[in-house]
Amino acid sequence: MKLIKTKTYEEMSQQALEVVKQVIESNENPVINTTTGASFDGMFAGLVKGINVGEIPIEKVFLMNLDEYVAKRDASFTVYTYMHQKFYDLITKMPKRVELLDGSLDDFTDEIARYKQILKENQRDLQILGLGVNGHLGANEPGTPFDARLFLADSDESTIKSTIMYNNLKEDEAPSQMLTLGLADMMDAKQILVTASGERKAEAVKGLLEGPIDERCPAPILRNHPNVVFIIDEAAGSLLTKH
């Protein structure tokens with residue numbers, strides 16, 4: 001695992017952007033699976049700028065997402081809404097292919113099967129992940145089996161609170177389930193990029209880097225992957241003792 005420490009969120013976002021750019025530039029037909037949320041707002045803003053000035057050839061990229069809330073697709077907090085408002089609606093050129101999970105369905109059997117087939121047919125060059133305050137990855141909460149594949153997950157209370165805070169929701173508006181890639185799906189990618197910012201993430205960062213690798217906390221499984229870039233700012237790394 002390559003650990004990159006930065007002073008600020010802005011520096012963290014720039015470092016994350018450089019990783020994404022390198023993957024796009026070094027692969028003929030790059031496949032990138034991304035997450036959303038506060039940890040990557042800055043990175044997406046940088047991508048938009050780079051695409052629109054012609055520095056990033058997004059038109060050769062297959063871009064997909066790792067999860068989606070169970071809710072109406074155009075709800076303010078969904079991954080679908082995030083990706084359009086912060087990326088797709090802002091760029092002058094589009095990726096070669098886009099795939100998003102649909103969390104608005106009455107039954108997810110066919111949707112899970114569809115997305116599993118996409119993952120099977122398209123080896124990911126880069127998997128982008130955020131780190132939850134409780135150590136979750138995607139919607140894989142503590143206790144999720146390490147061999148989990150794409151599934152419908154129940155969100156922990158801390159995750160629901162983070163969703164409420166980031167999206168300015170009322171408690172009765174917050175979603176409690178997500179479709180998500182499983183931990184085994186994430187580990188299949190050739191490279192993984194993870195970021196964490198702020199004191200709220202300090203315990204999770206310490207757990208990822210220094211905690212035991214067991215199913216009580218998902219994040220440390222990343223130490224078993226051969227090619228992970230983990231970027232943190234100063235506040236997120238404030239509890240580390242071994243690094």
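Okay, let's start with a question: which residues of helix 7 are buried? They are Ala202, Ala204, Val205, Gly207, Leu208, Leu209 and Glu210. One thing to keep in mind before I go on: what you see above is a predicted model.

So, helix 7 runs over residues 202-210, and seven of its nine residues are buried, so we can call this helix mostly covered. What do those buried residues pack against? Strand 1, strand 9 and strand 10.

Now let's go to the other end of the chain, to helix 1. Helix 1 covers residues 9-26, which makes 18 residues. Here's a little check you can follow along with. At 1.5 Å a residue, helix 1 should span 26 Å, and its end C-alpha atoms are indeed 26 Å apart, so the two agree. The buried residues here are Met12, Ser13, Ala16, Leu17, Val19, Val20, Lys21, Val23 and Ile24. And they have plenty of partners: they pack against strand 1, strand 2, helix 2, strand 6, strand 9 and strand 10.

On to the inside. In soluble globular proteins, nonpolar side chains tend to be buried together. In this model, the largest nonpolar core has 34 residues, and the members that touch the most others are Leu129, Leu131, Leu137, Val194, Val205, Leu222 and Phe230. Where do the residues of this core come from? Strand 3, helix 4, helix 6, strand 9, helix 7 and strand 10 each supply at least two of them. Apart from that core lies another one, of 31 residues, including Val19, Ile32, Tyr88 and Ile91.

Let me zoom in on Leu129 for a second. If you leave aside its neighbours within four places in sequence, Leu129 is in contact with Thr35, Phe40, Leu66, Leu137, Met186, Ile192, Leu193, Val194, Thr195 and Leu222.

Next, a pair of helices. The axes of helix 2 and helix 3 come within 9 Å and cross at roughly 45°, and that is why we call the two helices oblique to each other. Who meets whom? From helix 2 we have Asp41, Phe44, Leu47, Val48 and Ile51, and they meet Tyr82, Met83, Lys86 and Phe87 in helix 3. Sort the residues of that contact by type and you get seven nonpolar, no polar and two charged.

Last part: three residues in loops. Is Gln191, in the loop between helix 6 and strand 9, buried or exposed? Its relative accessibility is 12%, and the cut-off for buried is under 20%, so Gln191 counts as buried. Gln191 and Asn227 are 36 residues apart along the chain, yet their C-alpha atoms are separated by 5.1 Å. Beyond its sequence neighbours within four places, Gln191 is in contact with residues including Val19, Val23, Asp125 and His225.

Arg216 sits in the loop between helix 7 and strand 10. Arg216 has a relative accessible area of 64%, so this one is exposed. Leaving aside neighbours within four places in sequence, Arg216 is in contact with Pro142 and Gly143.

And finally Asn168, in the loop between helix 5 and strand 8. Asn168 is exposed too, at 69% relative accessibility. Look at its backbone as well: phi of Asn168 is near 55°, a positive value in a residue other than glycine. Okay, that's my tour, thanks for listening!

Methods:
Residues are numbered from 1 along each chain as its sequence is written. This is a predicted model: local features need pLDDT of at least 70, side-chain atom pairs count only at pLDDT 80 or more; totals for chains, interfaces and linings use all residues. Side-chain values use heavy atoms; hydrogens and water are left out. Helices (H or I, at least four residues) and strands (E, at least two) are DSSP runs, numbered from the N terminus. The expected span of a helix is 1.5 Å times one less than its number of residues. Buried means under 20% relative accessible area, exposed over 50%, partly exposed in between (1.4 Å probe, protein chains only). Contact means heavy atoms within 4.5 Å. A nonpolar core is a set of buried Ala, Val, Leu, Ile, Met, Phe, Trp, Tyr and Cys residues joined through side-chain atoms within 4.5 Å. Axes are lines fitted to C-alpha atoms, for helices over the stretch in contact, and angles run from 0 to 180 degrees between N-to-C directions. Angles under 35 degrees count as roughly parallel, over 145 as roughly antiparallel, 65 to 115 as roughly perpendicular and the rest as oblique. Ala, Val, Leu, Ile, Met, Phe, Trp, Tyr, Cys and Pro count as nonpolar, Asp, Glu, Lys and Arg as charged, and the others, Gly among them, as polar.
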